[in-house]
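Colleague: Got a minute to walk me through this one? Please load it up.

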Number of protein chains: 2
Amino acid sequence: MVDAGAKCPKQRFMDFLAGKHLRLTSQRRTIIDTAFGTRRHFTAEQLLAWAHRRDKSVSRATVYRTLPLLTESGLVREMDFGKDYKFYDPNYAEHPHHNHIICQDCDKIVEFESEQLKQLENQISQRLGFSVQAHRLQITAHCEEFKQRGSCKKKGE
Amino acid sequence: MVDAGAKCPKQRFMDFLAGKHLRLTSQRRTIIDTAFGTRRHFTAEQLLAWAHRRDKSVSRATVYRTLPLLTESGLVREMDFGKDYKFYDPNYAEHPHHNHIICQDCDKIVEFESEQLKQLENQISQRLGFSVQAHRLQITAHCEEFKQRGSCKKKGE
DNA sequence: ATCCATGCAAAGACTTTGCATAGTA
DNA sequence: TACTATGCAAAGTCTTTGCATGGAT
């Protein structure tokens, strides 16, 4: 079993828990369902709000205690977009190598993958004496709409 | 005047202050000297410690109030290396497009630039309808020493 | 039955801010 | 002189943690 895509993220995380002899509680189940039930990036506070809506027994402490497990499993990645709070990206479970373009004007975020980019990064790293473990590329940019109209509809959302 | 390298970072920051009609106080001068007097990344607390060593009148509040000015000027960049605190990199003043490789085992950080990488990023961004404003690439990797010996001397530094 | 997980509220770590005073332009 | 900057300490914000209880395996 090498194909990471063979099981759904939720199942893979449950396997991760089992592998560490950690228990699958109803709160954790709710948090997992919530985290992998969206493609959106979320903050700790948002995850709490969403999970709490599904199950009132999910507390802030448990969310904060589960988040490190999610990132440790590699299925969710902690992201810093220069805001005051951290975002968590659940899409690494299915797209382990994706990158982000952030529109500076409307904060729209587009995810993309590039085999060519990955190879170039590997090549450069090798030349420098490193073997790549993970990439993290963020491009800050102005989007088409901004270029054409000088602003974005989404601005301020 | 387009050549960003024409003036030293310190002078460029003083120009930035002047342009905003902000004052050059002795505390700010010390902070600037300190920040641009190193090539090392630093945390807010380190910057405070170093600056305070040069001038006892530099307070934590002023450091925290100056840091946003440094990043706003574009001469220093806020970096998140996944630690609990943020790092500030003063090398963007002289190398606006550099990237980072972080050794996961010893935390060694190597900075590098690549015209090819930059071009590829521009190309991809354009295809997606964005015009690039800034890049931010971090590669996490294992270093040569780790590959050869299974560990790094620097580990735990 | 064992031992991990949870909620709550207190404690922490890092930043920001109000206010009276000092200092630059 | 006018107005920004500073230090100090209090206040915030986001996270972590101790403890007694509950619950998964």
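Modeller: We can take chain A, then the DNA strands.

Colleague: What kind of model is it, and what are the ground rules?

Modeller: It is a predicted model: local features need pLDDT of at least 70, side-chain atom pairs count only at pLDDT 80 or more, and totals for chains, interfaces and linings use all residues. Residues are numbered from 1 along each chain as its sequence is written, chains are lettered from A and ligands numbered from 1 in the order written, and side-chain values use heavy atoms, with hydrogens and water left out.

Colleague: How many helices and strands in chain A?

Modeller: Chain A has 6 helices and 5 strands. These are DSSP runs, numbered from the N terminus: helices are H or I with at least four residues, strands are E with at least two.

Colleague: In which pattern along the sequence?

Modeller: Chain A reads α-α-α-α-β-β-β-β-α-β-α.

Colleague: What share of chain A is buried?

Modeller: Of its 157 residues, 44% are buried. Buried means under 20% relative accessible area, with a 1.4 Å probe and protein chains only.

Colleague: And the box around chain A? What does it come to?

Modeller: Roughly 50 × 45 × 25 Å for the C-alpha atoms, along the principal axes.

Colleague: Switching to DNA. Which residues come nearest to strand C?

Modeller: There are 17 residues around DNA strand C, and A:Ser57, A:Ser59, A:Thr62, B:Arg23 and B:Tyr64 come nearest. A residue counts as near if one of its heavy atoms lies within 4 Å. On the DNA side, sugar and phosphate make up 64% of the strand C atoms within 4 Å of the protein.

Colleague: Which side chains reach bases of strand C?

Modeller: A polar side-chain atom of B:Arg23 lies 2.2 Å from a base nitrogen of strand C. For A:Arg65, a polar side-chain atom is 2.9 Å from a base nitrogen of that strand. Polar contacts here are pairs of N or O atoms within 3.5 Å.

Colleague: What does A:Thr25 touch?

Modeller: A phosphate oxygen of strand C, at 2.9 Å from a polar side-chain atom of A:Thr25.

Colleague: Now strand D. Which residues come nearest?

Modeller: A:Arg23, A:Tyr64, B:Ser57, B:Ser59 and B:Thr62, out of 17 residues around DNA strand D.

Colleague: What do the two Arg23 side chains meet there?

Modeller: An N or O atom in the A:Arg23 side chain is 2.5 Å from a base nitrogen of strand D. For B:Arg23, the partner is a base oxygen of strand D, at 2.8 Å.

Colleague: Which elements line strand D?

Modeller: Those giving two or more residues to the nearby surface are H4 of chain A, plus helix H2 (26-36) and H4 of chain B.

Conventions
Buried < 20%, exposed > 50% of the residue type's maximum accessible area, 1.4 Å probe, protein only. Polar contact = N/O pair within 3.5 Å; in protein donor to acceptor, adjacent residues only side chain to side chain.
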